[in-house]
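Biologist: Please put up the model, and we will go through it by question and answer.

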Amino acid sequence: MKKIFSIILVFALSLLHAQSVKSPSSALEVNFKLVNNGQPSYTVNYNGKPVIVESALGIKLKDKTALNANFEIQSSKADTFNESWKPVLGQKASIVNHYNELTIALVQKETNVKMNIVFKVYDEGVAFRYEFPKQEKLNYFIISDEETHFNLTEDYKAFWIPGDFDTNEYPYNETKLSEIDNAKLDKNTGIGMTTDLGKSRVQAPLMMKSPSGLYVNIFEAAVVNYPVMHLDVDVTNYKLTSHLVPNAIGDKAYLQAACVSPWRTIMISKDARDIVGSQMILNLNEPCKLDDVSYIKPMKYVGIWWEMHVGISTWDYAGSQNAQNLSSQDLIPTGKHGATTANTKKYIDFAAKNGFDGVLVEGWNVGWEDWAGNWKEEVFDFTTPYPDFNLAEVTAYAKEKNVKMIMHHETSGSVANYERHLDRAFDLMKKYDYPAVKSGYVGKIIPRGEFHDGQTMVNHFNFVARRAADYKVMLNSHESSRPTGYSRTYPNYIAAEAARGNEFNAWSNGNPPSHETILPFTRQLGGPMDYTPGIFEIKMSFYDKNKKEQVHTTLAKQLALYVTMYSPLQMAADLPESYEKRMDAFQFIKDVALDWDDTKILEAEPGDYLTIARKTKGKETWFLGAITDENARKTEIALDFLTKGQKYKAIIYEDAKDADWKNNPMVYKIRTVEVTNKSKLNLVLAPGGGTAVSFEPIK
Ligand code: NOJ
Ligand code: CA
């Protein structure tokens, strides 16, 4: 009798400790429970079926306090939110933020440490984070590990890149979880920097598909004052564990309560379109903190850039061999310097003639002789131009032509040096009226030992965005940690690279044709990417007959990327000459919008294909982009997204009949048809191909 009574008591207590919360549609359900000896844990069900089975939650501190057991629930609170907000620039004019929330306030028995776990459950996914209320015990604390588990039940197909703490510029591997093995990586495809990648440590977002066709994506949102989370994969049991990026001495994060961890996110859907279209990562970030957003504008730009990547010109003025101990006056020009006053004027003319907003110039400032390879700490000062680049003349010329200049700050990883010079660098930009800067972090971080994805660098990237806002400057960072929605809070952080961009196609074995069908499921969930599409001269043998490198798409697919890869900052990356030869196709790049009232994800399958239609902000024009991987594809698209009763002129830029990315990438066709919202379009995409369509209302 006594035994039965105690069983009933244990059952009643466990009920008391089990808390649950469902998504607004009820399809997703999270259950929180203290298990074993007061260990926080959770499960996630989708339509009643387990997706995440019992998974422990916890944090370990350096002082040996283990915040992963001995907890009691102090209180719990459920809430629901349904609001919408208007991004300054975005994929939609208004974004719905609708979720149910559960806050569990925990207290640890012996230490009395208080820790809350907060769940937000959206229709397309679950988010949770740790919160540390203000308390004596955690006035200052060091996280030595976060032990957040994501225990899956099946051998999912995963789209993964290795857990390199310094770079995300890898092509994706498409294997089962059980086949993840960093030792088997193709050494030619990565630019690996962190020596110890672990056997099966991967980066997030980790996009997955279950054998039965369920799409699951694990990522994070609002990484602020915290390191990036990578994931350790237990390849036998399909269990994933958070792996925070360490600092130079192995610590993970220095914090002070009250504070919070980033949100850990698990998107789940039967329909891959829900994941590409999700605004959940942005929603989980703080609202805009800027009073004045008037200077934050979309920008279509050209620049002195691709010509260096294809080897026609150089960033440096004097060649990298002999410059080490010379002052800038002593440098002997090689004659191949790209960023000259005359060349910049040529690009400004081209931008003005074709209605572009901006011109980027890389290699304008002293230091490029020593930037990569010599790894000096004081390599750039971000204010001293080379003798053949006249800042005053160039910027006056741009102003006359109504074109904005885009500044370039390559740091070559020397971050403390950049911070020391930052205010002077922004002052110079203000003096010459530069509205935007592209930053770069090539190479290992100086101070040595820090990683690109550690807390110090996360803080640096966020700090530069905030400081740029003080100067009313827009920021586009390259080689930064990947964004996790901070652009909602600081919308002047207009774009980032933070993945393998188009540039790899110029000088490496490049990005496979599936690459651009994966990025919208991974990197781009956190914010706009400066992918730099628009390469028309696809084969590098055009520049040097011995070169084998090429872009791994057709020309028409390069056009479609302007629609499928959302960014309010878009480059037309090729040389003016390449466009001047093909002005008919270039017309699409001139026309395509950068800021949108609405976005419709029409078809999506990670690694295979993607079709997106978007409506221009404040206008009746629409644009459609359809892309495929290495396989040809036929599809019929219903245009029911167009306004009822309105006729449109549709201009279709498509692969010519015998096009294919490898052997015949540059053949395209352009046709014009009249359509309404009742019409259907038959699209035929070549292997590695794409289609771009503009819809202009007929008056
Ligand atoms: C790498 C960047 O991604 C690229 O855009 C830039 O041209 C070079 N670094 C030099 O800064
Ligand atoms: Ca890069």
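Biologist: Over which residues does pLDDT stay under 50?
Modeller: This is a predicted model, in which local features need pLDDT of at least 70 and side-chain atom pairs count only at pLDDT 80 or more, while totals for chains, interfaces and linings use all residues. Residues are numbered from 1 along each chain as its sequence is written, and side-chain values use heavy atoms, without hydrogens and water. pLDDT is the predictor's confidence in each residue, from 0 to 100, and where it is low, the predicted coordinates should not be read in detail. One stretch has zero contacts (heavy atoms within 4.5 Å) beyond four places in sequence, and its pLDDT stays under 50: residues 6–15.

Biologist: What is the mean pLDDT of the chain?
Modeller: In the chain, 96% of the residues reach 70 or more. The mean pLDDT is 95.

Biologist: In which order do the strands of the open sheet run?
Modeller: The sheet has seven strands with parallel pairing (two strands pair if DSSP finds at least two bridges between them). Strands are DSSP runs of E of at least two residues, helices runs of H or I of at least four, both numbered from the N terminus. The edge strands, each pairing on one side only, are β28 (493–496) and β29 (569–571). The order is β28-β27-β26-β25-β24-β23-β29.

Biologist: Which residue of β24 stands opposite Val 302?
Modeller: β23 (residues 299–304) and β24 (residues 358–361) pair in the parallel sense over four bridges. Opposite Val 302 stands Val 359.

Biologist: How are α12 and α14 oriented, roughly parallel or roughly antiparallel?
Modeller: α12 (residues 555–564) and α14 (residues 583–591) pack with their axes 9 Å apart, at an angle of about 10°. Axes are lines fitted to C-alpha atoms, for helices over the stretch in contact, and angles run from 0 to 180 degrees between N-to-C directions. Angles under 35 degrees count as roughly parallel, over 145 as roughly antiparallel, 65 to 115 as roughly perpendicular and the rest as oblique. The angle therefore makes α12, relative to α14, roughly parallel.

Biologist: Is Phe 542 buried, partly exposed or exposed?
Modeller: Phe 542 lies in the loop between α11 (515–518) and α12, and it touches Glu 537 and Lys 581, not counting residues up to four places away in sequence. Buried means under 20% relative accessible area, exposed over 50%, and partly exposed in between (1.4 Å probe, protein chains only). Because its relative accessibility is 45%, Phe 542 counts as partly exposed.

Conventions: Chains are lettered from A and ligands numbered from 1 in the order in which they are written.
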